[in-house]
Amino acid sequence: MKQLKLLWTCAMFLLSSALFAQVKITGTVTDPKGESIIGANVSVKGTTNGTITDFDGHFTLNVESGETLVFTYIGYKPVEKEIGNQTVFNIVMQEDTEMLDEIVVVGYGSQSKKTVTGAISSVKSEALTRSSSTSTAGALAGKVQGLSVRAMDARPGRGANLEIRNMGNPLFVVDGIPYGGDNSRDWVGGSNVSGNDVFNSLNLEDIESISILKDASAAVYGLRASSGVVLVTTKKGRKDESVTVNVNGYFGWQNLTRFPDLADAGLYMRGLVEARQNASQDPREFLTPEELAKWQAGTEKGYKGYDYPDMIMRKNIPQYHINANVTGGSKKSNYYISVAHTGQEALMKDFDYQRTNVQLNIESDITNRFKVGAQVSGKHEVSKDVGLPGGDGYFSAILAMFNQRPIESPYANDNPDYINRTSNGFAYNPALFSRDVAGYKDNLSRNANMNLYAQYDFGFGLKAKATSHCIHIHSGLYDFGFGLKAKATVCYGVKTFFSMILGLV
């Protein structure tokens with residue numbers, strides 16, 4: 001019986017060794033023309049075991065029978081092969097024509113991706129609309145190599161700053177119109193309507209693609225493009241397309257993902273007691289054990305604690321977006337019409353953001369070579385803020401959570417009718433952070449852009465395009481409620497651009 005068990009064990013060991021034995025495989029990877037593909041990835045599916053092809057397209061890899069090989073390379077369709085008993089693999093990879101023929105906007109024209117040789121990255125609409133960000137820069141975060149996205153602060157509607165390879169503010173070009181300017185804001189938080197502001201206030205649903213031009217690829221825009229260029233192309237209708245109506249949106253709730261646990265009154269007082277003890281002082285002279293127990297219990301008058309983060313921060317705050325657009329076209333014209341509304345409240349009371357976007361793109365062929373078009377966009381933006389005199393209400397509210405002592409009441413004698421002057425002063429008392437108490441400073445911004453263009457195709461790869469751009473900007477500050485008058489700024493501008501585009505034919 002023991003000999004039978006020994007023979008059975010040996011048989012199972014030999015069988016398992018045969019099943020899981022390592023096999024050395026070799027092969028070559030070529031394209032449809034028979035040319036070797038250098039650096040193609042060869043890996044075992046579902047594992048980290050892999051290699052790359054050498055200068056002659058050859059590869060060698062140790063695998064186990066029954067596994068699957070995966071061959072991948074940029075611009076080619078992936079190939080999977082079962083290993084089985086085969087030890088030599090000669091793989092022919094086919095070009096992924098759909099990816100290579102994808103159109104990329106470059107400077108004053110466009111090219112297919114397979115002809116692009118510069119440092120250019122492109123992001124399509126589908127990747128942007130999956131984001132719940134209220135700003136375009138926020139939707140780009142993590143989608144482009146070398147692109148840094150830095151949020152200025154967390155207040156509603158406030159966009160993020162973009163930097164290409166950390167070289168500073170790039171030039172923004174929206175439908176062929178360049179926007180630059182300072183990203184800073186004035187003392188009431190009003191925008192200077194810089195390129196960054198225009199970019200962040202775009203409706204994500206209206207964007208067809210975004211191209212990031214880096215290094216020499218941005219040289220066509222001259223000195224302004226020393227920090228790179230962000231090209232935005234909005235959507236258009238297609239010719240001979242039936243009318244299509246799209247309505248989509250989302251509704252969600254905002255909450256803090258993480259927040260530090262701050263000391264309550266009992267822990268704060270205990271820390272003061274231990275500090276005196278560590279300083280070789282008698283802590284009883286500062287606070288008796290009985291008084292410390294009262295602070296820790298927090299039930300008796302004069303020994304209550306105050307949770308300032310709970311006073312300031314809110315939970316399950318709504319954020320929403322809705323968009324409706326209509327596209328269509330005939331044999332000689334096409335159109336795209338879109339209306340969108342975005343709303344976001346802050347995690348702190350009395351801070352709010354609302355934005356409405358309108359987009360209209362029309363293009364018509366006058367002859368086979370001559371066409372005209374118009375691109376009209378508008379934005380109505382309102383941001384609400386607490387009018388804390390001499391300071392930033394949003395920043396002060398955040399600082400107050402960490403600055404105030406948990407043993408001090410925001411109200412005198414705990415009476416909500418009387419605001420207490422705490423040891424840090426009124427500026428950091430959250431009882432003051434209310435529109436009904438401190439007033440408000442609400443920013444209103446209305447922008448309208450209109451591009452009128454005409455383009456002629458000479459038929460041998462050369463196109464001429466003239467664009468007239470008109471911009472109307474209206475911004476204002478509402479009344480504080482305490483006699484401070486409203487501030488308003490109105491700006492008009494008209495620019496004309498002419499470009500010659502040499503296309504690839």
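1. Let me start with a glycine at the surface. G302 has a relative accessible area of 55%, so this residue counts as exposed, the cut-off being over 50%. Please keep in mind here and below that this is a predicted model. G302 sits in the loop that runs between α7 (289-297) and α8 (308-312). In sequence, G302 and S409 are 107 residues apart, yet their C-alpha atoms lie 9.9 Å from each other in space.

2. Next, the aromatic rings. A search through the whole structure turns up 7 aromatic pairs. One of them joins W295 and Y303 in an edge-to-face arrangement, with 5.3 Å from centre to centre and 70 degrees between the planes. W295 and Y303 are both buried.

3. A second ring pair is worth a look on your screen. Y456 and F458 have ring centres 5.0 Å apart and planes at 80 degrees, and because planes over 60 degrees apart count as edge-to-face, this pair gets that label. How covered are the two residues? Y456 has a relative accessible area of 32% and is therefore partly exposed. F458 is also listed as partly exposed, at 32% relative accessibility.

4. Now to the empty space inside. The structure holds 1 cavity of 30 Å³ or more. The volume of the largest cavity is about 300 Å³. Its lining is made up of 23 residues, and those nearest the centre are V198, L202, Q359, S377 and N449.

5. Which elements give two or more residues to that lining? They are β20 (352-365), β21 (370-384), β22 (443-457) and β23 (462-477). The largest share comes from β21, with 5 residues. Sorted by class, the lining of the largest cavity contains 12 polar, 8 nonpolar and 3 charged residues.

6. Turning to the sheets, a word of background may help: strands of a sheet pair through backbone hydrogen bonds, in either the parallel or the antiparallel sense. One open sheet here has 4 strands in the order β3-β2-β5-β6, with antiparallel pairing. Why do β3 (50-52) and β6 (79-82) each have one side without a neighbour in the sheet? These strands stand at the edges and have a single partner strand each, so one side of each is left free of a neighbour. From one strand to the next, the twist averages 20 degrees.

7. Strand β5 (residues 68-72) deserves its own point. β5 is mostly covered, with 4 of its 5 residues buried. On one side, β5 pairs with strand β2 (residues 41-44) in the antiparallel sense over 4 bridges, and S43 stands opposite V70 there. β5 also pairs with β6, again antiparallel, over 4 bridges. If you want to check this register by eye, V70 has E80 as its bridge partner in β6, while T68 is partnered by E82 of β6.

8. The link between those two strands has a detail of backbone geometry. The hairpin of β5 and β6 has 6 residues between the strands, and within it G75 takes a positive phi near 90 degrees.

9. There is also an open sheet of 3 strands, in the order β4-β1-β7, and its pairing is mixed. β4 and β7 are the edge strands, each pairing on one side only. Neighbouring strands of this sheet are turned against each other by 30 degrees on average, direction ignored.

10. Where does the mixed pairing of this sheet show up? Strand β1 (residues 22-30) pairs with strand β4 (residues 58-64) in the antiparallel sense, over 7 bridges. Two positions let you trace the β1 and β4 pairing: Q22 has E64 as its bridge partner in β4, and T28 stands opposite H58. By contrast, β1 and strand β7 (residues 88-92) run parallel and are joined by 5 bridges. In that parallel pairing, T30 stands opposite V92 of β7.

Notes:
Residues are numbered from 1 along each chain as its sequence is written. This is a predicted model: local features need pLDDT of at least 70, side-chain atom pairs count only at pLDDT 80 or more; totals for chains, interfaces and linings use all residues. Side-chain values use heavy atoms; hydrogens and water are left out. On a 1 Å grid over the protein atoms alone, a cavity is a set of points where a 1.4 Å probe fits but cannot get out, and a pocket is an open set with protein on both sides within 12 Å along at least five of seven lines; lining residues have an atom within 4 Å of a point. Grid points are joined across faces, edges and corners, and a volume is the space filled by probe spheres set on the points. Ala, Val, Leu, Ile, Met, Phe, Trp, Tyr, Cys and Pro count as nonpolar, Asp, Glu, Lys and Arg as charged, and the others, Gly among them, as polar. Two strands pair if DSSP finds at least two bridges between them. Axes are lines fitted to C-alpha atoms, for helices over the stretch in contact, and angles run from 0 to 180 degrees between N-to-C directions. Rings of Phe, Tyr and Trp (its six-membered ring) pair if their centres lie within 6.5 Å; planes under 30 degrees apart count as stacked, over 60 as edge-to-face and the rest as tilted. Buried means under 20% relative accessible area, exposed over 50%, partly exposed in between (1.4 Å probe, protein chains only).
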